Amino acid sequence: MSRNKNFYEEYSEPTLLKLELFRRYIESWLPTFISKVTYPKIYIFDFFAGPGCDKSNNSGSSKIIIEEVSKYLKHENIRLLEIKVFFNVFKKKNYQQLKMQLDSIPRNGINFEVANKRFKIIFNEWLPYIQDTTSVCLVFLDQFGVKFANREIFKSLTNCNATDLIFFSASSTFKRFKDHKNILKYFPDLDTNELDHIDNQHIHEYIAREYYAQLPCARNGYLGQFSIYKSPNMYGLIFYSNHPSGIEKFLDIAWEIDSKHGCANYDFKGGRQENQLYLFDSTEDKLLTKQEAFGKELYEYIKKGGKTNHDVYKFSLLKSFPPKIVNEVLRNIQREYNLKVIKSDGNPAKQGGFFIGLKKQKCKFIIDGKIKN
Ligand SMILES: C[S@@+](CC[C@H](N)C(=O)[O-])C[C@H]1O[C@@H](n2cnc3c(N)ncnc32)[C@H](O)[C@@H]1O
């Protein structure tokens with residue numbers, strides 16, 4: 001994934017992983033809006049599209065979008081919707097290759113537009129489509145390096161209604177070039193002293209949190225990240241959605257790919273985490289896994305009192321845990337503690353029933369001491 005001219009010879013394993021995550025997100029995102037017609041316009045933007053594939057015919061981002069959108073060419077709702085995919089391809093040769101591919105596929109009312117411009121120019125041209133309040137959008141910024149997904153771009157995209165954003169970041173660049181004029185220009189808020197204390201395996205997660213910190217407090221959004229190691233550097237994807245369903249989908253995929261930590265293509269533990277926590281029991285020298293640390297945080301959160309399943313759902317999404325994993329964690333808590341879930345009719349839910357998810361009936365959560373053996 002380095003800035004080198006062999007990028008399209010054969011995608012590296014980490015690049016294929018990045019593309020796999022992107023594919024799975026479209027696969028999960030697109031049907032939601034096609035089957036329900038909640039928005040009349042569905043727009044997908046690939047601002048750094050390549051020629052379509054590498055020389056071994058592995059699909060790149062643009063081909064992945066075409067393949068996923070093409071699955072719906074015959075869907076009965078297509079005539080009720082305006083579906084449009086926007087590709088920007090910087091290099092002339094790649095632009096022509098992608099145009100040729102698009103000319104050969106059936107469209108059936110689905111529109112594809114291909115531009116051949118610098119990001120800065122095309123971003124301003126296409127931004128009004130993303131800002132259109134009647135459209136739902138997915139924006140992919142598959143840049144080399146870091147500079148295009150800067151503070152200004154991140155702010156304008158996260159301000160748009162119903163827009164999910166996925167972007168690539170070569171995050172170790174921030175550490176290596178922290179004093180470089182471009183880093184200081186595009187990311188003026190970075191605390192360069194703090195960067196010195198972040199180890200390589202947590203740098204991408206740290207950068208993702210820095211992006212999140214830029215959001216205005218009133219912005220109720222959700223952030224996800226997936227760290228991708230390719231020796232010797234750390235890269236990754238950063239995800240943002242204003243909607244809980246968006247982050248839930250992203251997290252489901254991230255946990256399917258990394259069932260241990262839900263966030264990396266390497267063993268995430270072993271470095272210092274944000275708040276290094278220890279197990280419930282007395283093995284105080286054991287570093288907690290992400291899931292164990294979250295279990296402890298969640299226990300403390302519920303124990304404070306006054307929490308509902310809706311609060312637990314939101315709390316968990318903000319900590320990057322999707323309902324499937326939260327249920328496991330809650331079952332563990334319930335094995336040790338008297339965790340009661342009281343349904344809206346006043347009756348207790350059965351053991352193991354937690355109602356974590358969007359639009360579930362509201363339930364109260366109560367922790368009432370430890371289970372006696
Ligand atoms: C990581 S690659 C994109 C890979 C592509 N998404 C794929 O899956 O095959 C980044 C691309 O950004 C393009 N690029 C470089 N500078 C650019 C600029 N100023 N504006 C738009 N694209 C640019 C490069 O030509 C390169 O193809």
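**Exercise 1. Find how confident the model is, and where confidence drops.**

Solution. The protein averages a pLDDT (the predictor's confidence in each residue, from 0 to 100) of 91. Of the residues, 93% score at least 70. This is a predicted model: local features need pLDDT of at least 70, side-chain atom pairs count only at pLDDT 80 or more, and totals for chains, interfaces and linings use all residues. Residues are numbered from 1 along each chain as its sequence is written. Now look at residues 270–285. There pLDDT stays under 50. For this stretch the model has 16 contacts beyond four places in sequence, a contact being two residues whose C-beta atoms, placed from the backbone, lie within 7 Å.

**Exercise 2. Locate the domains and describe the side of domain 1 that touches domain 2.**

Solution. Start with the bounds, which come from an automatic or database domain assignment. Domain 1 spans 13–257 and domain 2 spans 290–370. Their centres, taken over C-alpha atoms, are 32 Å apart. Next, count the contact: nine residues from domain 1, nine from domain 2. Then assign the domain 1 side to elements, using DSSP runs numbered from the N terminus (helices: H or I, at least four residues; strands: E, at least two). β6 (222–230) and α10 (244–257) each supply at least two residues. α10 gives the largest share, seven residues. Finally, sort this side by class: five nonpolar, two polar and two charged residues.

**Exercise 3. Describe the shell around the ligand.**

Solution. Take residues whose C-beta atom, placed from the backbone, lies within 6 Å of the ligand. There are 13 residues around the ligand. Gly 50, Gly 60, Ser 61, Phe 90 and Phe 119 come nearest. By class, the shell divides into six nonpolar, four polar and three charged residues. Here Ala, Val, Leu, Ile, Met, Phe, Trp, Tyr, Cys and Pro count as nonpolar, Asp, Glu, Lys and Arg as charged, and the others, Gly among them, as polar.
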